Each structure stands twice: as C-alpha cells, then as structure tokens.
Amino acid sequence: MASSYPRIGIFWVYQHKLISKSILLSQASYSSVGIADSNFSHIDVWESEKVYLPECPTLFDSEYQALPRGRILFDKKNNTFSMFADRKIVRSKHYRQMIINAFSLQAQKCIWRTDSHYVVFS
C-alpha cells in the first residue's frame with residue numbers, strides 16, 4: 001500500500017462532496033515566519049480551472065463564494081495544520097473528517113478556525 005503524504009490547499013463542500021485543489025506539503029514554500037501555504041486563489045481555481053468539473057456540472061454558473069469553503073496552511077514551528085473555513089464546515093465532524101482524509105492529515109495536528117473571509121455569500 002502506498003503511503004499518503006500530507007497536503008495543503010483550498011477546498012469547497014457541496015452536497016457532502018469535497019471539491020479541492022492541493023499540493024504536497026513537501027513541495028510547499030514557507031514564509032519568513034514558517035507558514036506553508038499554496039498559491040491557489042479560490043476565485044481563479046473556480047472560474048478559470050473549473051475544479052468542480054466533471055463531477056458537479058450543475059455548478060457551472062455558480063459563484064465560488066456561494067459554497068462553504070476553506071484553506072489549509074501548515075505551521076512548521078508548531079507542527080500543526082490551520083484549517084480556515086466557513087463555520088458550517090468547522091462545526092461538522094463529518095466535513096472535518098472528509099477534509100482530513102482527502103488531504104492525508106492527522107486529526108490531532110489540525111486546528112479548525114472560522115474566518116470572515118470564508119463566509120458563504122448567496
């Protein structure tokens with residue numbers, strides 16, 4: 001069985017499915033304070049790359065901020081992943097576990113945080 005390596009990136013939740021774009025943590029670059037982040041922008045990945053296709057074609061005319069979304073960063077100093085997301089995701093054990101699995105993370109290293117940037121706009 002191939003081992004899975006932790007990833008960082010961005011994600012959305014739609015009808016109990018995860019839509020995401022990520023990179024391996026080992027490929028990430030770090031800021032001067034030791035934070036690893038992907039350079040993915042939710043709007044670009046949604047509108048230009050249409051990351052939701054082909055699995056969710058009904059989302060074709062939707063806006064990227066209309067679904068619960070978030071971002072995963074890694075803090076090298078504390079050896080933790082910071083999950084910034086809409087409160088609907090943060091409050092749901094199901095969604096949190098889905099994200100942990102998809103990004104190959106360890107739950108005890110994840111710190112879940114709400115952020116006004118990731119509030120759903122309809």
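**Asn 79, the cores and the ring contacts**

Asn 79 is partly exposed, with a relative accessible area of 36%. In this predicted model, the residue belongs to the loop between strands S4 and S5. The phi angle of Asn 79 is near 55°, a positive value in a residue other than glycine.

A positive phi also occurs in the hairpin of S1 and S2, where two residues stand between the strands and Gln 15 takes a value near 45°. Gln 15, likewise, is not a glycine. With a relative accessibility of 55%, above the 50% limit, Gln 15 therefore counts as exposed. The two strands joined by this loop pair in the antiparallel sense, over eight bridges. Within the pairing, Ile 10 stands opposite Lys 21 of S2. Elsewhere in the chain, Ser 104, just after helix H3, has a positive phi of about 55°. A further backbone feature is the cis peptide bond that joins Leu 53 and Pro 54, with omega about 5°. Pro 54 is located in the loop between helix H1 (42-47) and S4.

From the backbone the account turns to the interior. The largest nonpolar core comprises 21 residues, and Ile 72 and Phe 81 have the most contacts inside it. Two or more residues each are supplied by strands S1 (7-14), S4 (69-75), S5 (80-85) and S6 (110-114), and by helices H2 (87-90) and H3 (93-102). The largest share, four residues, comes from H3. Apart from this core lies another, of 13 residues, including Trp 12, Tyr 14, Cys 56 and Tyr 64.

The surroundings of Phe 81 show how separate stretches of sequence meet. Leaving aside residues up to four places away in sequence, Phe 81 touches Pro 6, Arg 7, Ile 8, Leu 25, Ile 72, Leu 73, Phe 74, Leu 105, Lys 109, Cys 110 and Ile 111. In helix H3, the buried residues are Tyr 95, Met 98, Ile 99 and Ile 100. Among the elements that cover them are S1, strand S2 (17-24), S4, S5, H2 and S6.

The cysteines deserve a brief remark. Cys 56 has a relative accessible area of 3% and Cys 110 one of 11%; both values fall under 20%, and therefore both residues count as buried. The structure holds zero disulfides.

Aromatic contacts complete the picture. The count of aromatic pairs comes to four. Phe 11 and Phe 103 form one of them, in an edge-to-face arrangement with 6.1 Å centre to centre and 70° between the planes. This pair links distant parts of the chain, since Phe 11 is in strand S1 and Phe 103 is in the loop between H3 and S6, 92 residues apart. Both Phe 11 and Phe 103 are buried. Phe 74 and Phe 81 form a tilted pair, with their centres 4.7 Å apart and their planes at 50°; these two residues are buried as well. One aromatic cluster consists of Trp 12, Trp 46 and Tyr 52.

Charged side chains also meet rings. The charged end of Lys 76 sits over the ring of Tyr 30, at 4.5 Å from its centre. Arg 96 lies over the face of Trp 112, at 6.0 Å from the ring centre.

How values were computed. Residues are numbered from 1 along each chain as its sequence is written. This is a predicted model: local features need pLDDT of at least 70, side-chain atom pairs count only at pLDDT 80 or more; totals for chains, interfaces and linings use all residues. Side-chain values use heavy atoms; hydrogens and water are left out. A nonpolar core is a set of buried Ala, Val, Leu, Ile, Met, Phe, Trp, Tyr and Cys residues joined through side-chain atoms within 4.5 Å. Buried means under 20% relative accessible area, exposed over 50%, partly exposed in between (1.4 Å probe, protein chains only). Contact means heavy atoms within 4.5 Å. Two strands pair if DSSP finds at least two bridges between them. A disulfide is a pair of cysteine sulfur atoms within 2.5 Å. Rings of Phe, Tyr and Trp (its six-membered ring) pair if their centres lie within 6.5 Å; planes under 30 degrees apart count as stacked, over 60 as edge-to-face and the rest as tilted. A charge sits over a ring if NZ of Lys or CZ of Arg is within 6 Å of the ring centre and within 35 degrees of the ring normal.
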